[in-house]
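The following exercises concern burial, polar contacts, salt bridges and nonpolar cores. Each task is followed by a worked solution.

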Amino acid sequence: MRKLLLLCSLMSLPTQAAVNAQVNVQTLTLGEALQLTIEADQKVRQNPDLSALSAQFRIVGSKQMTISSYTGGEPRFTTRWRVILRPLKQGAISIPAIRVGDERSLPISLMVLANERSSNPLLSRQLILETELDTNEIYLHSQSILTVKLFHKQPLPDDARLSHPVTTDAVIKPLGEDRRFSTRVRGQNYQVLERRYGIYPQQTGLIRLEPITYNDGKPRSLDQPLQKNATEIAVLPQAHQKRPGYWLPTTQILFEDNLQPRNSTTMGQPIKRTLTLEAHGIIASELPALSPLKNELADIQLDNVILEEQMTDKGIISTRSEELTITPYERGEITLQEIRIPWWDVSQDREKEVALAARLINVSAANSADTSNKNEKVVLSDAVAATNTEEVAESTPQSEGQSTLLIWILTALAVISSLGWLYSFHRIRKSKEKTPEVTPLENSVEDIEHYDLAEASSFGELTQACDQNHCAASQILLLEWAQHSWPDDEIYNNEDVARASGSQTLQLLLMDMEHHLSHDEEHLWKGDLLIEALDKIRERKLYGSY
């Protein structure tokens, strides 16, 4: 009976709490702050009850966000609160259970050490380092700004070195030049060296920035750590978007085109197009390709891709520009399709979209200069013909006898030619009756060569891999297809493929593929532009115009 009651009581316990709480540190010094993160595994309207914290902590600030993800074919939501706390007393204390709706988190034990320094550390040390993140919880590939301030009473030596933040899990870029200024702290003068960095994480989870060190530059002097603990940033995975594709976490985006809504040109006359995408708070290498390279009525070539980055106090501003050449095939109206790029507004934590309206190009047959030249040639021809007619008319009475003789000679030649043609026709007919008709095997072999089965099979597999955005598999299948497509060339890598194709567009797309492979960003690669370019190259090669 006791065993049955114990079993029933164990079955009645929840296997996993709906509300979880965790802190970034469990041991800290009095006066320092800690971060409390509270998570609920669903969307909730109620805010957590923080009243129980007021007895032992001062609440410095709080922030709420809803995180969406896509797992098992269905969306999943998590509500997260981030609360900054400062302990009010030293010793062993605890964060009590936090209630959210009908659920509660588990208590968390902390140890608060006594602060042996003075109330203002700037007054007791010659060098003080302060670091501050504008946010320590960001999305993958988005931006967090780190501000580093070195307070010093005496001027720094010329050879003094202050290390930069370092991590293997993020790209770190300095934002502008160092700032130097003076300030007063409780009546004492201090000089300040300030640096700002943009942190752009390349993987999810918790990333750590190594402690910053200082070296006075003297011989045999060692680096002195000015931080006790590493700086930590929590990196969230990309949010769930209604329209899958690009992942652009940014605060502001701008999409521009140099073409007007309606444009005009003549058949065969190329048009230059420049597309520019500007995004704030994301590095330039993360910006996607902008223009589709396929159009039924025009040839579109990607001439150049320009990536630029501008550093400001508020972060990075990245720009991607694509220079294209559009050459019409036929006259009429060509439509360049609308371009839509989804992006994630990190300031409002929601999905948005930037769009570029369709562009129209009216293509005429030939320009007026060519028409006037043709008309001029016709007028000159008519004048020459009229002159010749007058000369013939003047000479007719004098050469009438010669014309009669010429007519008899031409008639005789026509009769002889006709007899020869009848004789040849008779001989050919007899040879066909004696020789049976044979199907020309050479023609069928040539047809098979135009559509090589191995090349077609490998291209089909390559198309499937690109459609599924499998970067590594697409590279392997690309080399296999290229070896079938150009059997006389030595092809072992992407450079060989680009050289054999002679396409600058393909060369740029292959460079983009290698960038994703070398930076462990295969999950971000898209194969649509690559297969469009290869399809165009293959079409030209099969029809003999390559």
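Arg80 is buried, its relative accessible area being 12%; buried means under 20% relative accessible area, exposed over 50%, and partly exposed in between (1.4 Å probe, protein chains only). This is a predicted model, in which local features need pLDDT of at least 70 and side-chain atom pairs count only at pLDDT 80 or more, while totals for chains, interfaces and linings use all residues. Residues are numbered from 1 along each chain as its sequence is written, and side-chain values use heavy atoms, with hydrogens and water left out.

**Exercise 1.** Determine which residue forms a salt bridge with Arg80, and where the two partners lie.

*Solution.* Step one: the partner is Glu39, and the closest N and O atoms are 2.4 Å apart. A salt bridge is a side-chain nitrogen of Lys or Arg within 4 Å of a carboxyl oxygen of Asp or Glu.
Step two: the pair links distant parts of the chain, with Arg80 in strand S5 (residues 74-87) and Glu39 in strand S3 (residues 34-40), 41 residues apart. Strands (E, at least two residues) are DSSP runs, numbered from the N terminus.
Step three: Glu39 is partly exposed at 23% relative accessibility.
Step four: Glu39, Arg80 and Glu137 are linked in a network of salt bridges. The structure holds 20 salt bridges.

**Exercise 2.** Describe the surroundings of Thr325, beginning with its strand.

*Solution.* Step one: Thr325 belongs to strand S26 (residues 315-328). With 12% relative accessibility, Thr325 counts as buried.
Step two: beyond neighbours within four places in sequence, the contacts of Thr325 (heavy atoms within 4.5 Å) include Pro270, Lys272, Gln301 and Asp303.
Step three: the side chain of Thr325 makes a polar contact of 2.7 Å with that of Lys272 and one of 2.3 Å with that of Asp303. A polar contact is a pair of N or O atoms within 3.5 Å; within protein, one must be able to donate a hydrogen and the other to accept it, and residues adjacent in sequence count only if both atoms are side-chain atoms.
Step four: Lys272 and Asp303 also form a salt bridge, with 3.5 Å between the closest N and O atoms. Because Lys272 lies in strand S24 (residues 271-280) and Asp303 in strand S25 (residues 298-312), the pair ties together parts that are 31 residues apart in sequence.
Step five: Lys272 is exposed at 56% relative accessibility, whereas Asp303 is partly exposed at 24%.

**Exercise 3.** Which side chain does that of Thr276 join through a polar contact?

*Solution.* Step one: Thr276 lies in strand S24 and is buried, with a relative accessible area of 19%.
Step two: its side chain joins that of Ser321 through a polar contact of 3.4 Å.
Step three: setting aside neighbours within four places in sequence, Thr276 is in contact with residues including Phe255, Leu290 and Ser321.

**Exercise 4.** How many residues does the largest nonpolar core have?

*Solution.* Step one: the largest nonpolar core has 53 residues. Such a core is a set of buried Ala, Val, Leu, Ile, Met, Phe, Trp, Tyr and Cys residues joined through side-chain atoms within 4.5 Å.
Step two: among the residues with the most contacts inside this core are Phe255, Trp481 and Leu530.
Step three: not counting residues up to four places away in sequence, Leu530 touches Cys466, Leu506, Leu509, Leu510, Met513 and Trp525.
Step four: another core, of 27 residues, lies apart from the largest one and has Leu150, Tyr214, Ile233 and Ala239 among its residues.

Note on methods. Helices (H or I, at least four residues) and strands (E, at least two) are DSSP runs, numbered from the N terminus.
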